Amino acid sequence: MTLISWNIDSINAALTSTSDRAKLSQEVLKKLGTYDADIIAIQETKLPAEGPSDKHLELLSQYFSDYKIEWISSVPPAKKGYAGTMILHKDGLTARREVPHLGAPDTMDDEGRLLTLEFDGFYFVNVYTPNSGDGLKRLSDRQKWDQLYAEYLSSLDAKKPVIACGDFNVAHKEIDLANPASNHFSAGFTDEEREGFTKLLDHGFTDSFRHVHGDVKSVYSWWGQRIKTSKINNSGWRIDYFLVSERIKDQIKKSEMIDSGARQDHTPILLEIEIER
């Protein structure tokens, strides 16, 4: 199976805007369509509570025809047009949708951050992990989320193998970002967040990219938009992952980033794995 994950940073902007950035996003969408992926996970959709409009669906179908679409958006009391996740899967695949509520703090469970599909042979989980925020104001809530999410994945893994992907908002090790020394107190690289990710893996999961590539350096999935030269200089972070149940790690055939050209922010990631559909 071929699986893709991408934090799109607003489906509406990517599909309907005529800005230079939107044109770059559309080129990425066009490229993803050539992979003929079985499943495509999207994070940070930023759609309204009622989800994609007919126009959004029509435009998406131009890139990905013959796919079923599942989505979850931010709903009150959470902010409008915030976070949100989506999964597209080929029509021929049968899946049961689940929208888990972890019992997470604040409005995290209402922000559309977690969407699961159960296939015959595995669970597929799309996550947009909460950011700890400016000044780490949400760090303690984020730590609780990480604990609850690890327990949730573990509960699924007890039934059948799990493939979990998305924007985890953490660079796990120093080799997962260009400038670790200056970022130990930055959201996404605190000791607490890194420890949370380690504990997640300790629940029986494998970072597919490291499994395939070992300790290769300078390969990232995100470059900040605030610094215009971040991607040119490859001053990035690896914060997007495909995790798999430990027992299926040897079925991984490929785990890599998909080149998004000049577009900064997140780049899509790809997993190829031999698994029963």
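**Helices, strands and two buried side chains in a predicted model**

In α2, the buried residues are Ala22, Ser25, Gln26, Val28, Leu29 and Leu32. Since they take up an arc of only 160° around the axis, they sit on the same side of α2. This is a predicted model, and its helix α2 runs from residue 20 to residue 33. As for length, 14 residues at 1.5 Å a residue should span 20 Å, and the end C-alpha atoms of α2 are indeed 20 Å apart, so the two agree. As for what lies over the buried residues of α2, the cover includes β1 (2-7), α1 (11-16) and α3 (54-63).

β1 also leads on to the next strand, since it pairs with β2 in the parallel sense over five bridges. One of the places where this shows is Ile4, whose bridge partner in β2 is Ile40. Strand β2 (residues 39-43) is mostly covered, with five of its five residues buried. Both of its faces are covered: Ile39, Ala41 and Gln43 are buried on one side, and Ile40 and Ile42 are buried on the other. β2 pairs with strand β4 (residues 85-90) as well, this time in the antiparallel sense and again over five bridges. There, Gln43 has Thr85 of β4 as its bridge partner. In general, the strands of a sheet pair through backbone hydrogen bonds, either parallel or antiparallel.

Further along the chain comes an open sheet of six strands, in the order β5-β6-β7-β8-β11-β9, and its pairing is mixed. β5 (96-98) and β9 are the edge strands, each pairing on one side only. From one strand to the next, the twist averages 20°. Helix α4 packs on this sheet and touches β5, β6 (114-118), β7 (123-128), β8, β9 and β11. The direction of α4 makes about 170° with that of β7.

At the β9 edge, β9 and β11 run antiparallel and are joined by three bridges. Thr206 is a handy residue to follow here: it belongs to strand β9 and stands opposite Val244 in β11. With a relative accessibility of 9%, Thr206 falls under the 20% cut-off and therefore counts as buried. Its side chain makes a polar contact of 2.8 Å with the side chain of Glu246. Setting aside neighbours within four places in sequence, the contacts of Thr206 are Leu201, His211, Phe242, Leu243, Val244, Glu246 and Lys249.

Leu201, one of those contacts of Thr206, is also among the buried residues of helix α5, which are Glu193, Arg194, Gly196, Phe197, Leu200 and Leu201. These cover an arc of only 155° around the axis, and so they lie on the same side of α5. On the other side of α5, Asp191 and Asp202 are exposed. The cover over the buried residues of α5 includes α4, β9 (205-207) and β11 (240-245). Helix α5 takes in residues 191-202, and its 12 residues should span 16 Å at 1.5 Å a residue; its end C-alpha atoms are 16 Å apart, which agrees. Just after α5, Gly204 takes a positive phi of about 110°.

Two loop residues round off the picture. Asn169 sits in the loop between β8 and α5. Even in a loop, Asn169 counts as buried, because its relative accessibility of 10% is under 20%. A polar atom of the Asn169 side chain lies 2.8 Å from the backbone oxygen of Thr129. Not counting residues up to four places away in sequence, Asn169 touches Tyr128, Thr129, Pro130, Asn131, Arg142, Gly188, Glu193 and Ile239. Glu193 in that list is also one of the buried residues of α5.

Ala158, in contrast, is found in the loop between α4 (139-157) and β8 (162-167). Its relative accessible area is 69%, which is over the 50% cut-off, so Ala158 is exposed. Ala158 and Ser245 are 87 residues apart in sequence, yet their C-alpha atoms are 10.0 Å apart in space.

Key:
Residues numbered from 1 in each chain as written. Predicted model: local features only at pLDDT ≥ 70, side-chain atom pairs only at ≥ 80, totals over all residues. Heavy atoms only, no water. Helix = DSSP H or I, 4+ residues; strand = E, 2+ residues; numbered from the N terminus. Buried < 20%, exposed > 50% of the residue type's maximum accessible area, 1.4 Å probe, protein only. Expected span 1.5 Å × (residues − 1). Arc of directions from axis to C-beta. Contact = heavy atoms within 4.5 Å. Polar contact = N/O pair within 3.5 Å; in protein donor to acceptor, adjacent residues only side chain to side chain. Pairing = 2+ DSSP bridges. Axes fitted to C-alpha atoms, helices over the stretch in contact; angles between N-to-C directions.
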